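Let's take a friendly walk through some helices together. Have a look at the model first.

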Amino acid sequence: RETRRHPFKMALIEEAGEAQGHAHAHTHGDKPCSGHDNAAEKAKPAEKEPEMPDLFKTARQLVMLPVLYFSNKMDWKNEFNSLALQVAFSVVAVALFAIIQLTLIKIAAKKDERRVQNPGFKFKDKLAEDGTVSYQEYDSARTQEVRLQLLMSAVIGAGVYLKWEMAHPLIAMCVMQPLSVYDLPAVHIHLLGKTGPEYERPWASAGGDNPLAAWAEKKNEEMAAEQDKTKTIEKSKDE
């Protein structure tokens with residue numbers, strides 16, 4: 001009866017009820033119930049455990065320190081030491097070139113026409129219409145890249161040794177270049193017959209552990225993408 005006689009009071013009661021409903025919904029949204037808590041916890045992705053560092057790669061970064069230390073203790077002007085270094089350098093260079101050349105022969109003989117998606121800016125001129133290259137083209141190009149690095153290292157190291165009789169470049173090549181060839185997945189696939197997810201193409205770039213090399217490759221990819229964008233805009237304007 002009170003509310004019928006006083007419609008204004010009835011309106012105030014209704015407004016108060018609506019305000020309580022909004023407040024309850026708000027607090028319910030800030031503090032969900034236990035059922036919602038369990039659902040939220042289940043929805044959260046499981047946190048990945050931190051990966052163990054690759055001890056082999058870590059050791060490789062430091063391998064030259066003891067090598068250079070002990071090489072400084074050697075008398076490289078001694079005829080025997082000098083001859084031993086030259087023989088070791090020649091054997092390592094010939095062996096690595098033979099491994100790479102044999103890998104290239106195996107790649108050419110296999111003629112694998114499966115396709116590699118997103119092979120990288122270095123294959124820009126070899127891309128098919130769908131933006132892919134064949135396994136044969138990809139493996140051959142990556143192997144030739146390592147061969148070129150090996151050739152440059154051998155020529156520079158031999159030149160420095162002959163000009164200034166510095167042994168360090170030859171020693172560095174004897175230690176580091178075999179590791180570079182070992183890192184080439186094509187050697188493992190075509191010579192050792194290995195397969196698995198770690199050999200899926202595209203492979204990591206050569207010198208991927210080198211921050212400077214990684215930065216240079218990233219900049220080259222950005223420049224290539226920018227050039228493609230510019231050409232696309234110019235083509236659309238002409239049309």
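What follows is a short report on several helices and one histidine.

## Ground rules

This is a predicted model, in which local features need pLDDT of at least 70, side-chain atom pairs count only at pLDDT 80 or more, and totals for chains, interfaces and linings use all residues. Residues are numbered from 1 along each chain as its sequence is written, and side-chain values use heavy atoms, with hydrogens and water left out.

## Helices H6 and H7

Helices here are DSSP runs (H or I, at least four residues), numbered from the N terminus. The expected span of a helix is 1.5 Å times one less than its number of residues. For H6, residues 79-110, the 32 residues should span 46 Å, and the end C-alpha atoms are 47 Å apart, which agrees. H7 covers residues 135-164; its 30 residues should span 44 Å, in agreement with the 43 Å between its end C-alpha atoms.

At the N-terminal end of H6, Asn 78 acts as a cap, with a side-chain oxygen 2.9 Å from the backbone nitrogen of Phe 80. Just after H6, Lys 111 has a positive phi of about 50°, while H7 is followed by Glu 165, whose positive phi is near 55°. The buried residues of H6 (buried means under 20% relative accessible area, 1.4 Å probe, protein chains only) include Leu 85, Phe 89, Leu 96 and Ile 100. Those buried residues pack against H7, H8 and helix H9 (185-190).

## Helix H8 and its partner H5

The 15 residues of H8, residues 168-182, should span 21 Å, and the end C-alpha atoms are indeed 21 Å apart. H8 has a kink of about 30° at Cys 174, shortly before Pro 178; the bend is the angle between axes fitted to the seven residues ending at a residue and the seven starting there. Cys 174 is also among the buried residues of H8, as are Ile 171 and Met 173.

Helix H5 (residues 64-72) packs with H8 at an angle of about 145°, with the axes 11 Å apart. Axes are lines fitted to C-alpha atoms over the stretch in contact, and angles run from 0 to 180 degrees between N-to-C directions. On the H5 side, Met 64, Val 67, Leu 68, Ser 71 and Asn 72 meet His 168, Ile 171, Ala 172, Val 175 and Met 176 of H8.

## His 188

Is His 188, in helix H9, buried or exposed? His 188 is buried, with a relative accessible area of 6%. Its side chain reaches the backbone oxygen of Tyr 182 at 2.7 Å. Leaving aside neighbours within four places in sequence, His 188 is in contact (heavy atoms within 4.5 Å) with Tyr 182, Gly 193, Lys 194 and Tyr 199.

Note on methods. Helices (H or I, at least four residues) and strands (E, at least two) are DSSP runs, numbered from the N terminus. Buried means under 20% relative accessible area, exposed over 50%, partly exposed in between (1.4 Å probe, protein chains only). A polar contact is a pair of N or O atoms within 3.5 Å; within protein, one must be able to donate a hydrogen and the other to accept it, and residues adjacent in sequence count only if both atoms are side-chain atoms.
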